[in-house]
Amino acid sequence: GTPPPLAAWGGSAKPRPRLFMRGIPFTATANDVVSFFEGFGVHRDSVTLINRKNGNRSGTAYVEFVRQELAIKACTSLNGKNMGSRYIELFPVSQDGATQPAPESSSTPSTP
């Protein structure tokens with residue numbers, strides 16, 4: 001069936017895990033974002049596309065996940081992938097709303 005709207009999930013002990021997306025094509029819809037996150041349990045009601053003050057799309061969005069593990073897996077496997085011709089960056093959002101660099105974009109050198 002259809003998942004309940006996010007408002008129905010309100011009142012849970014802690015906020016749902018979220019990712020901040022940057023680089024979304026300006027023509028993309030929430031359904032396009034859902035398709036990008038296919039397999040990670042993202043639904044239409046979990047996507048918030050951000051508009052600029054003039055009403056135009058900003059190319060950014062917040063995406064909510066049912067579980068922290070799904071948000072982490074989505075971030076590590078989809079960060080840097082393309083949506084159409086656009087390079088997508090994903091950033092975890094802490095409970096206070098601050099964004100963190102995605103795990104793959106850390107400056108720690110990898111060992112061979």
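**Exercise 1. Place Ser94 and classify its exposure.**

Task: In which segment does Ser94 lie, and is Ser94 buried, partly exposed or exposed?

Solution.
- Step 1. Ser94 sits in the segment after β6. The model is predicted.
- Step 2. Its relative accessibility is 25%. Buried means under 20%, and exposed means over 50%. Ser94 therefore counts as partly exposed.
- Step 3. Look along the chain. Pro17 is 77 residues away from Ser94 in sequence, yet the two C-alpha atoms are separated by 7.8 Å.

**Exercise 2. Do the same for Gly41.**

Task: Which loop holds Gly41, and what is the relative accessible area of Gly41?

Solution.
- Step 1. Gly41 belongs to the loop between α2 and β2.
- Step 2. The relative accessible area of Gly41 is 31%. That value falls between the 20% and 50% cut-offs, so Gly41 is partly exposed.
- Step 3. Arg67 lies 26 residues from Gly41 along the chain. Their C-alpha atoms are separated by 8.9 Å.

**Exercise 3. Read the overall plan.**

Task: How many helices and strands does the chain have, and in what order do the elements run?

Solution.
- Step 1. Count the elements: 3 helices and 6 strands.
- Step 2. Starting at the N terminus, the order is α-β-α-β-β-α-β-β-β.
- Step 3. Check burial. The chain has 112 residues, and 31% of them count as buried.
- Step 4. Check the surface. About 7100 Å² is exposed, with 51% of it supplied by carbon and sulfur atoms.
- Step 5. Check contact range. Take the contacts between residues at least 6 apart in sequence: 60% of these join residues at least 24 apart.

**Exercise 4. Assemble the sheet.**

Task: What is the strand order in the open sheet of 4 strands, and which strands are at the edges?

Solution.
- Step 1. The order is β2-β3-β1-β6, with antiparallel pairing.
- Step 2. The edge strands are β2 (47-51) and β6 (89-93). Each of them pairs on one side only.
- Step 3. From one strand to the next, the twist averages 25 degrees.
- Step 4. Take the β2 and β3 pair. Strand β3 covers residues 57-64 and joins β2 through 5 antiparallel bridges.
- Step 5. Set the register. Leu49 is opposite Ala61, Ile50 is opposite Thr60, and Asn51 has Arg57 as its bridge partner.
- Step 6. Inspect the connection. β2 and β3 make a hairpin with 5 residues between them. Gly55 in the turn has a positive phi of about 95 degrees.
- Step 7. Move to β1. It pairs with β3 over 5 bridges, again in the antiparallel sense. Leu19 has Val63 in β3 as its bridge partner.

**Exercise 5. Dock helix α3.**

Task: Which strands does α3 lie across, and why do its buried residues fall on the same side?

Solution.
- Step 1. Helix α3 (residues 68-78) lies across β1 (18-22) and β6. It runs at about 155 degrees to β6.
- Step 2. List the buried residues of α3: Leu70, Ala71, Ala74, Cys75 and Leu78.
- Step 3. These residues cover an arc of only 130 degrees around the axis, so they are on the same side of α3.
- Step 4. The spacing rule fits here. An α-helix has 3.6 residues a turn, so residues three or four places apart point the same way.
- Step 5. Find the partners. The buried residues of α3 pack against β1, α2 (30-36) and β6.
- Step 6. Look past the helix end. Gly80 follows α3, and its phi is positive, near 90 degrees.

**Exercise 6. Map the core.**

Task: How many residues make up the largest nonpolar core, and which element gives the most to this core?

Solution.
- Step 1. The largest nonpolar core has 23 residues.
- Step 2. Those with the most contacts inside this core are Met21, Ile24, Val33, Phe37, Phe65, Met83 and Leu90.
- Step 3. At least two core residues come from each of β1, α2, β2, β3 and α3. α3 gives the most, with 5 residues.
- Step 4. Zoom in on Phe65. Leaving out residues up to four places away in sequence, Phe65 touches Arg16, Pro17, Leu19, Phe37, Phe40, Val42, Leu70, Ala71 and Ala74.
- Step 5. Compare lists. Leu70, Ala71 and Ala74 are also among the buried residues of α3.

Key
Residues are numbered from 1 along each chain as its sequence is written. This is a predicted model: local features need pLDDT of at least 70, side-chain atom pairs count only at pLDDT 80 or more; totals for chains, interfaces and linings use all residues. Side-chain values use heavy atoms; hydrogens and water are left out. Buried means under 20% relative accessible area, exposed over 50%, partly exposed in between (1.4 Å probe, protein chains only). Contact means heavy atoms within 4.5 Å. Accessible areas come from the Shrake-Rupley method with a 1.4 Å probe; for residues, only the protein chains shown count as cover. Two strands pair if DSSP finds at least two bridges between them. Axes are lines fitted to C-alpha atoms, for helices over the stretch in contact, and angles run from 0 to 180 degrees between N-to-C directions. The arc is that of the directions from the helix axis to the C-beta atoms. A nonpolar core is a set of buried Ala, Val, Leu, Ile, Met, Phe, Trp, Tyr and Cys residues joined through side-chain atoms within 4.5 Å.
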